[in-house]
Amino acid sequence: MEMLLLVIAALLYLGLALGFILVVDNLVGLVFRDPRAPVPPPFFAIGRALAASQKFYRK
């Protein structure tokens, strides 16, 4: 019984540690952006481009 609790505690600890690492990594990525990385276009620009292409296709 104690071995099962130990395994469960170890797995929970690993999951918590990995989650913490992911959160910290994302926060650091927000603060220190790579200047060479391409900037993704905003989502609304894609929708506007799609609407404009459909408008020109109908003409």
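This passage walks through the fold, the surface and one residue of a predicted model.

The overall layout is simple to state: the chain holds two helices and zero strands. Helix α1 takes in residues 2-31, which makes 30 residues. At 1.5 Å for each residue, a span of 44 Å would be expected for α1, and its end C-alpha atoms turn out to sit 43 Å apart, so the two figures agree.

What about burial? Out of the 59 residues in the chain, 0% count as buried. Helix α1 fits that picture: the number of its 30 residues that are buried is zero, so α1 lies largely in the open. For the chain, the accessible surface adds up to about 6100 Å², and carbon and sulfur atoms account for 76% of that.

Part of this surface is a nonpolar patch made up of F20, V23, V24, L27, V28, L30, V31 and F32, which together offer about 820 Å² of accessible area. One of these patch residues, V28, is found in helix α1. Its relative accessibility is 41%, and because exposed means over 50% and buried means under 20%, V28 counts as partly exposed.

Conventions. Residues numbered from 1 in each chain as written. Predicted model: local features only at pLDDT ≥ 70, side-chain atom pairs only at ≥ 80, totals over all residues. Heavy atoms only, no water. Helix = DSSP H or I, 4+ residues; strand = E, 2+ residues; numbered from the N terminus. Expected span 1.5 Å × (residues − 1). Buried < 20%, exposed > 50% of the residue type's maximum accessible area, 1.4 Å probe, protein only. Areas by Shrake-Rupley, 256 points an atom, 1.4 Å probe, with all protein chains shown as cover. Patch = residues over 30% accessible without salt bridge, like charges linked within 9 Å, V, L, I, M, F, W, Y side chains within 5 Å. Salt bridge = Lys/Arg side-chain N within 4 Å of Asp/Glu carboxyl O.
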